[in-house]
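Biologist: Could we go through this model together? I shall ask about one topic at a time.

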Amino acid sequence: MGSVGNDDSLDVLAQAVRRSGVVDPASSGVVLVSGGADSACAAAGLAHTVGPANVHALHVNYGLRQSADRDERICRDLCSRLRIDLHIERPKELAGNLQAAARDARYAAAEQLRARTGSNWIATGHTRTDLAETVLYRLAVSPGARALRGLQARSGRVVRPLLELERGETRGLAVQAGLPFADDETNLELDFARNRVRAEVLPVLHELSSAAERNIAETHAELVEDAHLLERIVLEALEAAGASAGAVAIRADALEGSEPALRRLALRALAERASGRAVPLGRRRAAEIMRLAELPEGGALDLGHGVRAICEYGLIRFVVSSEADAAPEPVSLRIPGSCRFGRWEVRAEVCPAPVEPAGPDLATLDAGALGEELLVRTWREGDRMRPLGMDGTKTLQDLFTDRGVPRSLRHHLPVVTAAGHVVWVAGVAVSEDFRLGSQANAVAVLTARVLD
């Protein structure tokens, strides 16, 4: 078994991890390793920061490239030298868009490993160069500022502790530290749009300024900060206009006199409340909605993805053209594990008993009664459950009415079922049939959050 040398290089990596502020030195986590220099540096920096025993590496071997087995051997060598555990996953089949399917498989495996090891975070080796490439690519293909705010230092449990380093720096540090790595030959294939940005666009920007990547990263950081501020301002403006949480309609005159940006963001927020997903509502569509709202006969505007803005008698409201069609597809949820359901991320974690029973926003249930796999789906006509603390059952439709859940949101809330029985409706009710009793040996903790 070899060892890692050059403590100075490892110190530089550890300092970058600490300065990122996304990893508590007393925490533990999963690091994704690919065989490349960036992920090798992430693994080394994290092991140097939180200790090797607190880092669990994950390598996903898709078997799609001739060098796949070579990359796995490199990851084994790396983790042996760093004295960290390595877990190998080999997905059997990837359907649909290959890159997207591979990414989903990678993060699903990482979340399962994180839950199984009781870890706090999932780390990637993304660098400032990756950030710059992402911003440039999205600037070209996706209108609006929202698309430019991806690849943040923290996104849920995913952290990117090396965003202050550029790719050339991580490669140099990997060499100095004696970290085993290999270059991915597919990065040279210009058939991929991201590779063209890397090979053709960024070099030209470096000719204009050696600080190109740093300047792009600083702009990205400002966009993220600005977005947090704007979100609060928009929510306050909607509240003041009578469109409080859950509302999907607003009087057009309540937005008159507002800055165009505030009107646009307020309308987009309402559209997304109605649809339960991101809605691309730019300047032109916002202006058209306001124009229709001023007409005596009103009008409607299709925003795509089954979402429509309907303007009637000065009222602007957002609807889904077919709530059933717009609803997310059912997905399975393993215990422990996580899944993506529309704009929601639903998680199931297992903790030893005892755990204090919680409420509808966080369900604490008897893990033994649930089994190993759940189904997350939307509300269906006729669905019933026995809410916690009640003797009889109620239809979910009645529960939605009792709890004031808007009709436009009902087909987007995660409904978690076990063997056909409703276990939990996120934020609405927990089933009495799966309640956490005093005899439970293990506790399943279910949570759900809306993704950015």
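Biologist: Where does His421 lie?

Modeller: His421 lies in strand S19; strands (E, at least two residues) and helices (H or I, at least four) are DSSP runs, numbered from the N terminus. This is a predicted model, in which local features need pLDDT of at least 70 and side-chain atom pairs count only at pLDDT 80 or more, while totals for chains, interfaces and linings use all residues. Residues are numbered from 1 along each chain as its sequence is written, and side-chain values use heavy atoms, with hydrogens and water left out.

Biologist: Which residues does His421 touch?

Modeller: Leaving aside residues up to four places away in sequence, His421 touches Val416 and Phe434. Contact means heavy atoms within 4.5 Å. Asp383 is 38 residues from His421 in sequence, and their C-alpha atoms are 8.9 Å apart.

Biologist: And the sheet with S19, what is the strand order?

Modeller: The order is S11-S15-S18-S19-S20, an open sheet of five strands with antiparallel pairing. Two strands pair if DSSP finds at least two bridges between them. Strand S11 (331-334) and strand S20 (429-430) are the edges, each pairing on one side only.

Biologist: How many bridges hold S19 and S20?

Modeller: S19 and S20 pair over two bridges, in the antiparallel sense. Trp424 has Val430 in S20 as its bridge partner.

Biologist: Turning to the interior, how many residues has the largest nonpolar core?

Modeller: That core has 34 residues, and those with the most contacts inside it are Leu370, Val423 and Leu446. Strand S19 (residues 421-425) supplies the largest share, four residues. A nonpolar core is a set of buried Ala, Val, Leu, Ile, Met, Phe, Trp, Tyr and Cys residues joined through side-chain atoms within 4.5 Å. Buried means under 20% relative accessible area, exposed over 50%, and partly exposed in between, with a 1.4 Å probe and protein chains only.

Biologist: What does Leu446 touch?

Modeller: Not counting residues up to four places away in sequence, the contacts of Leu446 include Arg347, Leu362, Leu374, Val423 and Trp424. Apart from this core lies another, of 33 residues, with Ala44, Val50, Cys75 and Leu173 among them.

Biologist: Cys75, then: buried or exposed?

Modeller: Cys75 counts as buried because its relative accessibility is 0%.

Biologist: How many disulfides are there?

Modeller: The count comes to zero disulfides, a disulfide being a pair of cysteine sulfur atoms within 2.5 Å. For Cys75, the nearest cysteine sulfur is that of Cys79, 6.4 Å away. Cys311 has a relative accessible area of 1%, so Cys311 is buried.

Biologist: Now the four-stranded sheet. Which strands are at its edges?

Modeller: Strand S7 (249-251) and strand S8 (299-304) are the edge strands, each pairing on one side only. The order is S7-S10-S9-S8, an open sheet with antiparallel pairing. Neighbouring strands are turned by 20° against each other on average, direction ignored.

Biologist: What joins S8 to S9?

Modeller: Five bridges join S8 to strand S9 (residues 307-312), and the two run antiparallel. In S9, Arg308 is the bridge partner of Asp302, and Ala309 that of Leu301. The hairpin has two residues between the strands, and His305 takes a positive phi near 60° there.

Biologist: Which strands does helix H9 lie across?

Modeller: Helix H9 (residues 260-275) lies across S7, S8, S9 and strand S10 (315-320), at about 35° to S10. Helix H10 (residues 283-294) lies across S8, S9 and S10, running at about 160° to S8. Axes are lines fitted to C-alpha atoms, for helices over the stretch in contact, and angles run from 0 to 180 degrees between N-to-C directions.

Biologist: At what angle do H5 and H7 cross?

Modeller: The axes of helix H5 (residues 128-141) and helix H7 (residues 193-208) cross at roughly 100° and come within 10 Å. H5 and H7 are therefore roughly perpendicular to each other; angles of 65 to 115 degrees count as such, under 35 as roughly parallel, over 145 as roughly antiparallel and the rest as oblique.

Biologist: Finally, strand S1. Which residues are on its two faces?

Modeller: In strand S1 (residues 29-32), Gly29 and Val31 are on one side and Val30 and Leu32 on the other, all buried. S1 runs parallel to strand S4 (residues 121-123), joined by three bridges, and parallel to strand S2 (residues 55-60), joined by four bridges. Leu32 stands opposite Leu58 in S2.
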